[in-house]
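Open the model in your viewer and keep the sequence panel visible. The stops below say what to select and what is there.

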Amino acid sequence: MTNETLKLMESRRSFRSYNDREVPEEALDAVLRAGTYAASGGGRQAAQIVAVRDKAVRETLRRLNAAVMGSDTDPYYGAPVIVLVLADSTSNTPVEDGSLVIGNMMLAAHSIGLASVWVHREKEIFEGAEGKELLKKWGLSEKLMGVGSIALGYTDEPLPEAAPRKDGYILKV
């Protein structure tokens with residue numbers, strides 16, 4: 001059995017190289033909206049999405065994320081948009097809720113021709129003083145924890161084939 005949604009899921013890939021092409025507002029809004037329709041524990045919608053286009057803020061996030069790794073690389077691969085996903089740390093399922101938001105946004109991005117990749121270390125970023133200052137600057141609660149983010153934009157890389165699925169991935173009992 002197959003349909004367009006299943007084909008989309010099977011063809012989505014992560015990209016680690018972005019060009020400078022700006023993401024149109026309408027495309028960004030579509031991706032962000034898809035995130036708001038993710039399932040959430042108890043229907044609480046505990047996640048918070050922050051779309052970062054500002055170059056200076058992206059550079060701050062790049063620096064903070066790289067510092068967690070102990071490097072000076074660009075963990076967001078030069079993407080013109082970083083979409084942070086935070087969640088209420090006092091909810092029952094903050095990581096699960098935020099992860100579903102990220103998954104929805106990555107599928108939505110692929111469906112409209114945008115590239116994305118899941119990036120980690122936002123938990124550490126927003127536990128630190130500079131991360132807390134960003135939350136304060138944005139008018140967000142310090143109770144928010146970083147779940148992850150996506151680098152979002154356009155790539156010049158071709159869509160790679162999927163790696164073979166591992167043996168024993170599925171067990172029916």
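Buried means under 20% relative accessible area, exposed means over 50%, and partly exposed lies in between, with a 1.4 Å probe and protein chains only. This is a predicted model, in which local features need pLDDT of at least 70 and side-chain atom pairs count only at pLDDT 80 or more, while totals for chains, interfaces and linings use all residues. Residues are numbered from 1 along each chain as its sequence is written, and side-chain values use heavy atoms, with hydrogens and water left out.

**Stop 1: the whole chain**

Show the chain as a cartoon. The secondary structure comes to 6 helices and 4 strands, where helices (H or I, at least four residues) and strands (E, at least two) are DSSP runs numbered from the N terminus. Read from the N terminus, the order of elements is α-α-β-α-β-α-β-α-α-β.

The C-alpha trace spans about 50 × 40 × 35 Å along its principal axes. For 173 residues a compact globule would have a radius of gyration near 16 Å, and the chain agrees with its 16 Å. That radius is taken over C-alpha atoms, and the globule rule is 2.2 Å times the number of residues to the power 0.38.

Now switch on the surface. About 10100 Å² is exposed, and carbon and sulfur atoms supply 52% of it; accessible areas come from the Shrake-Rupley method with a 1.4 Å probe, and for residues only the protein chains shown count as cover. Of the 173 residues, 40% count as buried. A contact means heavy atoms within 4.5 Å. Among contacts with a separation of 6 or more, 82% are between residues 24 or more positions apart.

**Stop 2: Asn19**

Select Asn19, in the loop between helix 1 (4-11) and helix 2. Is Asn19 buried or exposed? At 18% relative accessibility, Asn19 counts as buried. Its side chain makes a polar contact with the side chain of Asp156 at 2.9 Å. A polar contact is a pair of N or O atoms within 3.5 Å; within protein, one must be able to donate a hydrogen and the other to accept it, and residues adjacent in sequence count only if both atoms are side-chain atoms. To see what else surrounds Asn19, add Gly78, Pro80, Tyr154 and Thr155, which together with Asp156 are its contacts once neighbours within four places in sequence are left aside.

**Stop 3: salt bridges**

Side chains of opposite charge can pair when their charged atoms come close. A salt bridge is a side-chain nitrogen of Lys or Arg within 4 Å of a carboxyl oxygen of Asp or Glu. The whole structure holds 6 salt bridges.

Select Glu25 and Arg53, whose side chains meet in a salt bridge at 2.5 Å, N to O. Glu25 is in helix 2 (residues 25-36) and Arg53 in the loop between strand 1 (47-52) and helix 3, so this pair ties together parts that are 28 residues apart in sequence. Glu25 is partly exposed at 46% relative accessibility, and Arg53 is partly exposed at 27%.

Next select Glu59 and Arg62, which both lie in helix 3, 3 residues apart, about one turn of the helix. Their side chains form a salt bridge at 2.9 Å, N to O. Glu59 is partly exposed, with a relative accessible area of 39%, whereas Arg62 is buried, at 13%.

Keep Arg62 and add Asp72; these side chains also meet in a salt bridge, at 3.5 Å, N to O. Arg62 lies in helix 3 and Asp72 in the loop between helix 3 and strand 2, so the pair ties together parts that are 10 residues apart in sequence. Glu59, Arg62 and Asp72 are joined into one network by salt bridges that share partners. Asp72 is exposed, with a relative accessible area of 64%.

**Stop 4: Asp97**

Go to helix 4 (residues 94-111) and select Asp97. Which side chain of opposite charge is nearest to Asp97? It is Arg44, 5.2 Å away, and Asp97 is buried yet has no salt bridge. For charge, Lys and Arg count as positive and Asp and Glu as negative, while His and the chain ends are not counted. The Asp97 side chain reaches the backbone nitrogen of Gly41 at 2.8 Å. Not counting residues up to four places away in sequence, Asp97 touches Ala39, Ser40, Gly41, Ala46 and Ser91.

**Stop 5: positive phi**

Select Tyr77, in the loop between helix 3 (55-69) and strand 2 (81-88). Tyr77 is not a glycine, although its phi is positive, at about 55°. Its relative accessible area is 31%, partly exposed.

Finish at Arg121, in the loop between strand 3 (115-119) and helix 5 (122-127). Arg121 has a positive phi of about 85° and is not a glycine. Arg121 is partly exposed, with a relative accessible area of 23%.
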